[in-house]
Amino acid sequence: MLQIIFENPIRFILALVIGIATAWWIWGRLTADSSDADRYERENAEPAPTPAPEARPVPEPEPVPEPEPVPEPEPVVVAEPEIEPTAPILAATGAAGAAGAAGGARPKIAAAVGEPDDLTRIKGIGPKLNDLCHSLGVSRFDQIATWGEGDVAEVDRFLKIKGRITRDRWVDQAKMLAAGDEAAHSAEFG
């Protein structure tokens with residue numbers, strides 16, 4: 001055997017390396033398999049049973065008293081004052097104003113004097129809102145331009161979308177249009 005080693009040392013070293021590598025691989029697989037099996041047993045082992053807690057007596061719940069009935073509040077009825085439309089307002093608003101005035105109350109605002117303006121030039125007032133304004137006695141830019149907070153609140157009660165007068169800045173627009181300042185109105189409101 002020594003003769004084989006001395007005649008072919010490269011083959012001997014190569015065979016030795018292959019043998020050692022094979023032994024190392026087999027030994028690693030055996031220990032890995034046993035460690036995997038141990039780990040599997042540890043993970044899947046059933047836990048030791050825990051002792052049951054001592055049974056304690058459960059106290060009976062105290063009876064809950066029934067709530068007393070709450071009396072129903074009486075409804076509050078608020079009667080709106082009847083406001084008779086005046087002739088100048090009806091004349092200024094035309095047939096639409098007469099129909100609106102006959103249908104119910106109107107805002108308590110100063111009456112428009114003069115020919116009605118085209119309120120649709122105010123951004124935020126379309127044809128339907130223009131007709132509603134006329135039926136409420138609102139028909140001129142100079143009339144809207146003089147409104148204070150109370151007047152705005154008074155007219156706002158009659159609109160479906162509350163706060164529209166303030167949000168769309170009707171008073172500011174009406175001041176510009178009443179003064180004939182078309183350029184400023186176009187620049188600011190489009």
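**Exercise 1. Salt bridges along and across the chain**

Task: Find the salt-bridge partner of Asp172 and say how exposed each of the two residues is.

Solution. Asp172 pairs with Arg169 in a salt bridge whose closest N and O atoms lie 3.0 Å apart. This is a predicted model, so keep that in mind throughout. Next, look at accessibility: Asp172 has a relative accessible area of 30%, so Asp172 is partly exposed. Arg169 is at 33%, and therefore counts as partly exposed.

Task: Which residue forms a salt bridge with Arg121, and where in the chain do the two partners sit?

Solution. Start with the pair itself: Arg121 bridges to Glu182, with the closest N and O atoms 2.1 Å apart. Then place the partners. Arg121 belongs to the loop between helix H3 (87-103) and H4, while Glu182 is in helix H9 (residues 182-189). They are 61 residues apart, so this bridge links distant parts of the chain. Finally, check exposure: Arg121 is partly exposed with a relative accessible area of 34%, and Glu182 is partly exposed with 36%.

Task: Put these pairs in context by asking how many salt bridges the structure holds.

Solution. The total is 7. Another of the pairs is Arg164 with Asp168, where the closest N and O atoms are 3.5 Å apart. In addition, Asp117, Arg140 and Asp142 are joined in a salt-bridge network.

**Exercise 2. The nonpolar core**

Task: Which members of the largest nonpolar core touch the most other members, and which helix gives the most residues?

Solution. The core has 19 residues, and those touching the most other members are Leu119, Ile122, Val138, Ile144, Trp147, Ile165 and Trp170. Two or more residues come from each of helix H4 (127-135), helix H5 (141-145), helix H6 (149-156) and helix H8 (170-178). H8 contributes the most, with 4 residues.

Now zoom in on Ile122. Setting aside neighbours within four places in sequence, its contacts are Phe141, Ile144, Trp170, Gln173, Ala174 and Leu177.

Task: Is Ile165 buried or exposed, and what does it touch?

Solution. First locate Ile165: helix H7 (residues 164-167) holds it. Its relative accessibility is 2%; buried means under 20%, so Ile165 counts as buried. Beyond residues up to four places away in sequence, Ile165 touches Trp147, Val152, Val155, Asp156, Leu159 and Trp170. As a last step, compare sequence with space: Ile165 and Gly124 are 41 residues apart in sequence, yet their C-alpha atoms are 8.3 Å apart.

**Exercise 3. A nonpolar patch on the surface**

Task: Which residues form the nonpolar surface patch, and is Ile13 buried or exposed?

Solution. The patch consists of Phe12, Ile13, Leu16, Val17 and Ile20, with about 460 Å² of accessible area together. Ile13 lies in helix H2 (residues 9-44). Its relative accessibility is 51%, and the cut-off for exposed is over 50%, so Ile13 counts as exposed. A general point helps in reading the numbering: an α-helix has 3.6 residues a turn, so residues three or four places apart point the same way.

**Exercise 4. The whole model**

Task: What is the secondary structure of the protein, and where is the pLDDT below 50?

Solution. Count the elements: there are 9 helices and 0 strands. Then turn to confidence. The mean pLDDT is 78, and 72% of the residues reach 70 or more. Residues 84-102 have pLDDT below 50, and this stretch has 24 contacts in the model beyond near neighbours in sequence. To finish, buried residues make up 22% of the 190 residues.

Definitions and conventions: Residues numbered from 1 in each chain as written. Predicted model: local features only at pLDDT ≥ 70, side-chain atom pairs only at ≥ 80, totals over all residues. Heavy atoms only, no water. Patch = residues over 30% accessible without salt bridge, like charges linked within 9 Å, V, L, I, M, F, W, Y side chains within 5 Å. Areas by Shrake-Rupley, 256 points an atom, 1.4 Å probe, with all protein chains shown as cover. Salt bridge = Lys/Arg side-chain N within 4 Å of Asp/Glu carboxyl O. Buried < 20%, exposed > 50% of the residue type's maximum accessible area, 1.4 Å probe, protein only. Core = buried A, V, L, I, M, F, W, Y, C linked by side-chain atoms within 4.5 Å. Contact = heavy atoms within 4.5 Å. pLDDT = per-residue confidence, 0-100.
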